[in-house]
Amino acid sequence: MNEIRTQQAAAPLFSPAFIQDPYPTYREHLAGSPVQPLAAMPGRWAVFHYQACCDLGRDPRLSSARRVPNFFPVGADDRLELDELFRHLGRWIMMKDDPEHGRLRKSMNSGFSPAAIEQLKPRVATVVDELLRRLELMAEPDLIRDLAYPLPVRVISRLLGVPDTLHAECVALSNDFATWFGNPLRTPAAARTAQTAVRQLVALFETIIRERTDRNEGDLLDLMLEIARQAQLTPEELYAQCVLLLIAGHETTRNLIGNGIYTLLRHPEALAEVRASESAVRAAVEEVLRYESPVQAYGRATTQDIDYGGVRIPAGSALFFLIAAGHRDPRHISDPDRFDIHRKHNRHLAFGTDAHVCLGSTLARLEGQIALGETLRRFPALTLMDSEPEWSPIYALRGLRRMRVRL
C-alpha cells in the first residue's frame, strides 16, 4: 500500500494502547484547544497544535531548568533518596537557561559542525557495511537488534572514548535511564533504576577521562576536556555532559533508523524511489522525522503566567510540547496522515524549536541516511516478518522493540 491511515479509536493519553498508536488520540486533541490541561496530571499542560508548539517553544517566559516537583513528581522521602539523580540532570546543558546554556552551547557546537560531521562519513559507512555483512549470515535477523542498536552507539562511543567492550553495557544503562525519563507517568521505582544507571555511567566517564591523561585523540572527548578547562566546569559538570551526549547520541538515532526502515517497507512506492536515488533518501529521512518522529515530546517550565489560545497557563506549570501531534496538524500540513517524501518545506520539529535545538541533528541525519540507503539497496527483497509492530513503552522516545525481517 502507498499510505497507512490510522482508523482505531482514540486511546487515553499515555495509556498502553496510546503508546502503540498515538495518532488517533493526537487527532482528537488537535480538534480542541492548542493548549490543554492534563486532567490526570495536575499542574501540567500539553501543547498539541503545530503553531502553538512554534510560538510557545520560543517564548522567553519558559525555562529549561525544570523544577523537580513539576516534571519529576515524587514524595518528599523519595525526593531525598533521588537527589543524586535530580542534581545530575540539573547539570545537563539541555536543562540550563541562558547565559549558562549559551556559553556551553557555543563551545560544544564545533564538535557537531557540518565540517566535523562530514569527516565522520567514512566511519559511519564502514560500520554500516560491517553490520550489514553480519546481517547476511544471520538465520533470523532483527534490524533493531542487529543494525539500529549497534550503529549509533558505536559512533557516539568512539567519539567519547568508550571502549568497544562496553557498548552493550552503555546501551543497557541508557535504556534504564530512558525508560524513566521518556515516560510522563514516571514512577519512583523507575527513577531509582535511572539513578543507578546514571551513577554507573558517571563512573565510566571518570575512568575514561582519568586514563586519557595527556593523550590527544582529536575526538569529541578531547573537545569536552578543553571546554571543561576553558569554562571551568567541575568534574561533575563534565561527566554530566558526557552522559548526556552518550544517551542522546544513540537513543533517538536508533529509533530514526528503525522507524525509517519500517515505514518505508510499508510504503512500496517511496521505497522504490529511495533505492534509486540519494536525494530520495534524504527526503525520506526528513519525512520519517515528521511522520513517525523518534522524539514525540519534550518539556519546559513556565516562569510567568502565559495566556495562549484563550487559556491561561499559570507560572510554575510544566508544559509538554507534543510535537508529534503538531506534525499531524492539518492546519499546518495537508493530508498529514499520509507518508509523502515529496512534501515541500517539511518544517518538522523533531530536533526542537528553540535555542536547545538538537546539537547532534547533523550526525543523526548522516547516520539515518547511510543506514536507510545502504540497507534498502543491499537487500532488494527485504520484507517484514511480523504482522503487527511492537513499540517500545517509552512514550517520548518512539521506537520499535524489534523488527524481524527476511532478507
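**Backbone oddities and ring pairs**

Visitor: Let's kick off with F14: is this residue buried or exposed?
Guide: Bear in mind that this is a predicted model. F14 has a relative accessibility of 10%, and the cut-off for buried is under 20%. So F14 counts as buried.

Visitor: And where along the chain is F14 placed?
Guide: Look at the backbone there: F14 has a positive phi, near 70 degrees, though it is not a glycine. Most residues other than glycine have a negative phi. As for its place, F14 is in the segment before α1 (16-20).

Visitor: What relative accessible area does Q232 have?
Guide: Q232 is another non-glycine residue with a positive phi, about 55 degrees here. Its place is the loop between α14 (220-231) and α15 (235-265). Exposed means over 50%, and Q232 is exposed because its relative accessible area is 68%.

Visitor: Which residue takes a positive phi just after α13?
Guide: Start with the helix: α13 covers residues 188-212, and its 25 residues should span 36 Å at 1.5 Å a residue. The end C-alpha atoms of α13 are 36 Å apart, so the expected span agrees. Just past this helix, phi is about 45 degrees, and the residue is T213.

Visitor: Which residues are joined by a cis peptide bond?
Guide: Most peptide bonds are trans. Here, though, there is a bond with omega about 10 degrees, ahead of a proline in the loop between α6 (83-91) and α7 (100-108). The cis bond joins D98 and P99.

Visitor: K96 is in the loop between α6 and α7 too; which side chain makes a polar contact with the side chain of K96?
Guide: K96 is buried, at a relative accessible area of 8%. Beyond its neighbours within four places in sequence, K96 is in contact with S64, G90, R91, H101, L104 and H356. The polar contact is 3.2 Å long, and the partner of K96 is E100.

Visitor: On to the rings: how many residues apart in sequence are the parts that F18 and Y395 tie together?
Guide: There are 14 aromatic pairs in the structure. In one of them, F18 and Y395 are tilted, with 5.4 Å centre to centre and 40 degrees between the planes. F18 sits in helix α1 and Y395 in the loop between β8 (383-384) and β9 (405-406), so the parts tied together are separated in sequence by 377 residues.

Visitor: Are F18 and Y395 buried or exposed?
Guide: F18 has a relative accessibility of 0%, and Y395 has a relative accessible area of 5%. The cut-off is under 20%, so F18 counts as buried, and Y395 is likewise buried.

Visitor: What is the angle between the planes of W180 and F181?
Guide: W180 is buried at 2% relative accessibility, and F181 is buried at 18%. Their rings form a tilted pair, 6.1 Å centre to centre, and the angle between the planes is 50 degrees.

Visitor: Which residues do ring pairs link into a cluster with F18?
Guide: You've already met two of the members, since F18 and Y395 form a tilted pair. Ring pairs link F18 into a cluster with Y395, F14, Y23 and Y26.

Visitor: Last one: over the face of which ring does R398 lie?
Guide: There's an arginine over a ring elsewhere as well: R254 lies over the face of Y149, 4.3 Å from the ring centre. R398 is 3.7 Å from the centre of its ring, and that ring belongs to W391.

How values were computed
Residues numbered from 1 in each chain as written. Predicted model: local features only at pLDDT ≥ 70, side-chain atom pairs only at ≥ 80, totals over all residues. Heavy atoms only, no water. Helix = DSSP H or I, 4+ residues; strand = E, 2+ residues; numbered from the N terminus. Buried < 20%, exposed > 50% of the residue type's maximum accessible area, 1.4 Å probe, protein only. Expected span 1.5 Å × (residues − 1). Phe/Tyr/Trp six-rings, centres within 6.5 Å; stacked < 30°, edge-to-face > 60°. Lys NZ or Arg CZ within 6 Å of the ring centre and 35° of its normal. Polar contact = N/O pair within 3.5 Å; in protein donor to acceptor, adjacent residues only side chain to side chain. Contact = heavy atoms within 4.5 Å.
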